[in-house]
Amino acid sequence: MSTGVTQSLLDPFTKRQMKDPVKNTCCGHSYERITILSFLKSKKEMRCPVVGCRYQGYFNENHLEDDRELLRQLKHLEDK
């Protein structure tokens with residue numbers, strides 16, 4: 001079954017289309033803000049959950065920034 005949503009628009013935790021994406025500055029992968037912040041609240045730091053990510057180090061909340069490009073893509077999808 002295809003949802004018509006590319007993998008890069010899906011949160012790696014929930015597998016749902018993101019609405020408020022943030023980018024990991026260590027590896028470039030994006031996550032839904034509320035989901036990743038929830039995980040980091042309990043763990044403080046973690047590894048990227050994206051299968052095959054080449055960055056093997058840990059990251060924390062300080063390594064997250066708004067993913068403006070992905071947000072633009074999501075808004076474009078909404079307008080269709």
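Visitor: Why does F59 count as buried or exposed here?

Guide: Let me start by saying that this is a predicted model. F59 has 0% relative accessibility, and buried means under 20%, so F59 counts as buried.

Visitor: How do you know which category F13 belongs to: buried, exposed or partly exposed?

Guide: Its relative accessibility is 23%. Buried would need a value under 20% and exposed a value over 50%, so F13 is partly exposed.

Visitor: And what about Y31, buried or exposed?

Guide: Y31 has a relative accessible area of 0%, so the label is buried.

Visitor: How many aromatic pairs are there?

Guide: The count is three. In one of them, F13 and Y31 sit 6.2 Å apart, centre to centre, with 50° between the planes.

Visitor: What makes the pair of F13 and Y31 tilted?

Guide: Two cut-offs settle that. The centres must lie within 6.5 Å for a pair, and planes under 30 degrees apart would be stacked, while those over 60 would be edge-to-face. With 6.2 Å and 50°, F13 and Y31 pair and fall into the remaining class, so they are tilted.

Visitor: Which parts of the chain does that pair tie together?

Guide: F13 belongs to the segment before β1 and Y31 to strand β2, so the pair links parts that are 18 residues apart in sequence.

Visitor: Why is the pair of Y31 and F59 called stacked?

Guide: Their centres are 5.8 Å apart and the planes differ by 5°. Since stacked applies to planes under 30 degrees apart, the 5° of Y31 and F59 earns the name. Y31 is in strand β2 and F59 in the loop between α1 and β3, so this pair joins parts 28 residues apart in sequence.

Visitor: Which residues form the aromatic cluster?

Guide: F13, Y31, F39 and F59 form one cluster.

Visitor: What makes up the largest nonpolar core?

Guide: Nine residues do: V22, Y31, I36, L40, M46, C48, C53, F59 and L64. As for L40, leaving aside residues up to four places away in sequence, L40 touches E45, M46, F59, N60, E61 and L64.

Visitor: C48 is in that core. How do you know whether C48 is buried or exposed?

Guide: The relative accessible area of C48 is 12%. That is under 20%, so C48 is buried. C27 has 25% relative accessibility, and is therefore partly exposed.

Visitor: How many disulfides are there?

Guide: The count is zero. For C27, the nearest cysteine sulfur is that of C48, 3.8 Å away. For C48, the nearest is that of C27, again at 3.8 Å.

Visitor: Why is C27 in no disulfide?

Guide: A disulfide requires sulfur atoms within 2.5 Å. The nearest cysteine sulfur to C27 is 3.8 Å away, so the cut-off is not met and no disulfide is assigned.

Visitor: What makes β2 and β3 edge strands?

Guide: The three strands form an open sheet in the order β2-β1-β3, with antiparallel pairing. β2 (30-32) and β3 (64-66) each have a single partner strand, so one side of each has no neighbour in the sheet. From one strand to the next, the twist averages 40°.

Visitor: How do you know that β1 pairs with β2 and with β3?

Guide: Pairing asks for at least two bridges. Three bridges join β1 to β2, and three join β1 (residues 21-24) to β3, so both pairings meet the rule. V22 stands opposite Y31 in β2 and opposite D66 in β3, while N24 has L64 of β3 as its bridge partner.

Visitor: What joins β1 and β2, and where does helix α1 lie?

Guide: β1 and β2 form a hairpin with five residues between them, and G28 in the turn has a positive phi of about 95°. Helix α1 (residues 33-43) lies across β1, β2 and β3, at about 90° to β2.

Visitor: Why is K15 called exposed?

Guide: K15, in the segment before β1, has a relative accessible area of 51%. Exposed means over 50%, so K15 is exposed. Its phi is near 65°, a positive value in a residue other than glycine.

Visitor: What makes K44 exposed?

Guide: K44 has a relative accessible area of 61%, which is over 50%, so K44 is exposed. K44 is found in the loop between α1 and β3, and its phi, near 70°, is positive in a residue other than glycine.

Key:
Residues numbered from 1 in each chain as written. Predicted model: local features only at pLDDT ≥ 70, side-chain atom pairs only at ≥ 80, totals over all residues. Heavy atoms only, no water. Helix = DSSP H or I, 4+ residues; strand = E, 2+ residues; numbered from the N terminus. Axes fitted to C-alpha atoms, helices over the stretch in contact; angles between N-to-C directions. Contact = heavy atoms within 4.5 Å. Phe/Tyr/Trp six-rings, centres within 6.5 Å; stacked < 30°, edge-to-face > 60°. Buried < 20%, exposed > 50% of the residue type's maximum accessible area, 1.4 Å probe, protein only. Core = buried A, V, L, I, M, F, W, Y, C linked by side-chain atoms within 4.5 Å.
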